[in-house]
Amino acid sequence: MALRHSGRALSKATSGLASSWSSWSTTLRWKPAQIQHQMRTMATVVPPVTQDKTSSKGPTAIVFMNMGGPSTTDEVQDFLSRLFADADLIPLGRLQNYLGPLIANRRTPKIQKQYAAIGGGSPIRKWSEYQAEEMCKILDKISPETAPHKPYVAFRYAHPYTEEMYERLLADGFGNGKGGRAVAFTQYPQYSCSTTGSSLNELWKWRQRLEGKSGPLDDGRDGTIQWSVIDRWPVHEGLVEAFAQNIEKKLEEYPKERRDKVVLLFSAHSLPMSVVNRGDPYPAEVGATVYAVMQRLGFSNPYRLCYQSQVGPQPWLGPQTSMSVEEYIAKGQKDLVLIPIAFTSDHIETLYELDEEVIGESGHKDTVKRVESLNGNPVFIKALADLAKSHLDSGITCSAQMSLRCPSCKSERCLESKKFFAGQQTLPGK
Ligand code: FES
């Protein structure tokens with residue numbers, strides 16, 4: 001009984017996760033020229049690594065890590081299967097391999113309909129590849145000593161999977177005894193063990209499987225890829241600026257006399273309270289982003305932080321975004337701006353959950369609005385390049401914060417992967 005209950009709760013709960021962290025509709029609307037450009041880009045062969053320590057520290061691989069989303073409705077089932085198999089995201093204990101596929105199969109038709117409603121798939125791959133490519137172009141200019149910078153994308157539950165990215169790195173001339181440098185750059189600004197932690201655990205797993213020990217180079221260094229990690233960036237000033245500008249733009253849509261009374265509702269993906277109480281750093285880091293954005297806006301408006309996508313009877317971090325919108329409207333506060341604060345591009349949680357469900361069903365589509373997602377925002381992409389440049393200059397392998405496990409963490413994966421990333425050798429030239 002307890003198991004049935006727990007399975008039902010998780011199934012409902014993770015439909016939010018599944019729907020939020022998935023996407024591709026925009027690609028389906030691309031013009032032929034855009035598709036050709038994309039195919040040319042994807043087909044580009046990255047030149048082999050040629051390590052020339054006397055003149056350059058490059059090439060440098062920059063790997064964008066994110067959850068990913070199904071690009072077509074046919075990919076939904078695979079996406080959900082991987083998602084429910086992830087014990088870092090949805091711990092199902094010894095029944096993970098049994099319950100995971102069951103829940104995934106049951107959720108598939110409903111989630112397929114949601115993707116169909118936003119155009120047939122998730123736009124997250126398109127945006128991630130675009131952001132990574134554009135960021136690398138900027139990095140080549142501002143960090144010539146580590147150029148060329150090669151963009152890669154590694155998704156946790158959708159193509160390109162972490163293992164696909166790693167195979168590409170090896171085929172492009174990194175590792176396999178040749179060394180080379182790669183930066184794992186999380187695209188979750190705020191760290192959670194369920195998101196960035198899970199992606200890093202997966203990267204560590206595939207690194208062990210695909211590289212092991214490649215043997216020393218002539219100079220005694222290890223011939224495997226040298227990894228470092230950008231593991232969080234909740235208050236980076238470029239990120240804060242990009243959010244603030246989007247909010248200012250949206251506020252201009254309200255009449256001047258009402259503008260400073262508009263309530264800003266920041267919305268982040270929720271976490272089960274069991275994860276929060278384990279000691280996950282996510283709530284504090286999301287709060288830090290919100291406060292930094294409000295500081296940049298001069299605290300021009302009243303605001304609250306809410307959490308979305310929680311479902312099921314178990315306690316989740318709140319207040320819920322949908323409930324907050326309903327309650328404020330009931331109190332007479334109909335001017336509301338929703339700000340997705342924990343994702344860097346559109347996905348099903350913005351396009352379906354916020355736009356279709358929360359705003360669509362509010363009865364006040366004219367006064368309840370959502371700010372644009374960061375997507376191709378040039379201020380944001382410059383911020384990514386600045387972040388990467390500072391990281392490359394710093395010579396650190398990961399933040400001090402990343403080496404600390406949650407107080408109640410019992411995961412061997414966390415232990416080993418943190419040991420690995422924190423223990424990477426001093427970076428070349430540092
Ligand atoms: Fe947070 Fe393992 S769950 S470090």
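How many helices and strands does the protein chain have? Count 16 helices and eight strands. Keep in mind that this is a predicted model. Of the 430 residues in the chain, 48% count as buried. Look also at contacts between residues at least 6 apart in sequence: 82% of them join residues at least 24 apart.

**Stop 1: the sheet 2-1-3-4**

Select strands 1 to 4. They form an open sheet in the order 2-1-3-4, with parallel pairing. Strand 2 (149-155) and strand 4 (226-230) are the edge strands, and each pairs on one side only. From one strand to the next, the twist averages 25 degrees.

Now zoom in on strand 1 (residues 60-66) and strand 2. Seven bridges pair them in the parallel sense. Pick Met65: opposite it, in strand 2, stands Ala154.

Next, add helix 6 (residues 124-142). Helix 6 packs on the sheet and touches strand 1 and strand 2. Its direction makes about 155 degrees with that of strand 2. Then show helix 7 (residues 162-171). Helix 7 lies across strand 1, strand 2 and strand 3 (181-186). It too runs at about 155 degrees to strand 2.

**Stop 2: Ser198**

Select Ser198, which sits in helix 8 (residues 196-210). Is Ser198 buried or exposed? Count the other C-beta atoms within 10 Å: there are 24. The cut-off for a buried residue is 20 or more, so Ser198 is buried. Leaving out residues up to four places away in sequence, Ser198 touches Asp86, Asp88, Leu89 and Arg156. Now draw a distance to Arg413. Ser198 and Arg413 are 215 residues apart along the chain, yet their C-alpha atoms are separated by 9.1 Å.

**Stop 3: the nonpolar core**

Select Val63, Ala184, Val337, Ile339 and Ala388. They have the most contacts inside the largest nonpolar core, which has 98 residues. Where does this core lie relative to domain 1 and domain 2? Colour domain 1 (33-233 + 378-422) and domain 2 (237-370) separately. Both give residues to the core, so it lies between them.

Stay on Ala184. Setting aside neighbours within four places in sequence, its contacts are Val63, Met65, Leu200, Leu203, Trp227 and Val229.

**Stop 4: the sheet 6-5-7-8**

Move to strands 5 to 8. Here four strands make an open sheet in the order 6-5-7-8, and the pairing is parallel. Strand 6 (303-308) and strand 8 (368-370) stand at the edges. Each has a single partner strand, so one side of each is left without a neighbour in the sheet. Neighbouring strands are turned by 25 degrees against each other on average, direction ignored.

Focus on strand 5 (residues 263-269). Six bridges join strand 5 to strand 6, and the two run parallel. Pick Leu265: its bridge partner in strand 6 is Arg304.

**Stop 5: helix 14**

Finish with helix 14 (residues 348-359). It lies across strand 5, strand 6, strand 7 (336-340) and strand 8, and runs at about 175 degrees to strand 8. How far apart are its end C-alpha atoms? They are only 14 Å apart, short of the 16 Å that a straight helix of 12 residues would reach.

Why is helix 14 largely enclosed by the rest of the structure? Nine of its 12 residues are buried, so the rest of the structure largely encloses it. Show the buried ones as sticks: Ile348, Glu349, Thr350, Leu351, Tyr352, Glu353, Leu354, Val358 and Ile359.

How values were computed: Residues numbered from 1 in each chain as written. Predicted model: local features only at pLDDT ≥ 70, side-chain atom pairs only at ≥ 80, totals over all residues. Core = buried A, V, L, I, M, F, W, Y, C linked by C-beta atoms within 7 Å. Domains from an automatic or database assignment. Contact = placed C-beta atoms within 7 Å. Expected span 1.5 Å × (residues − 1). Pairing = 2+ DSSP bridges. Axes fitted to C-alpha atoms, helices over the stretch in contact; angles between N-to-C directions.
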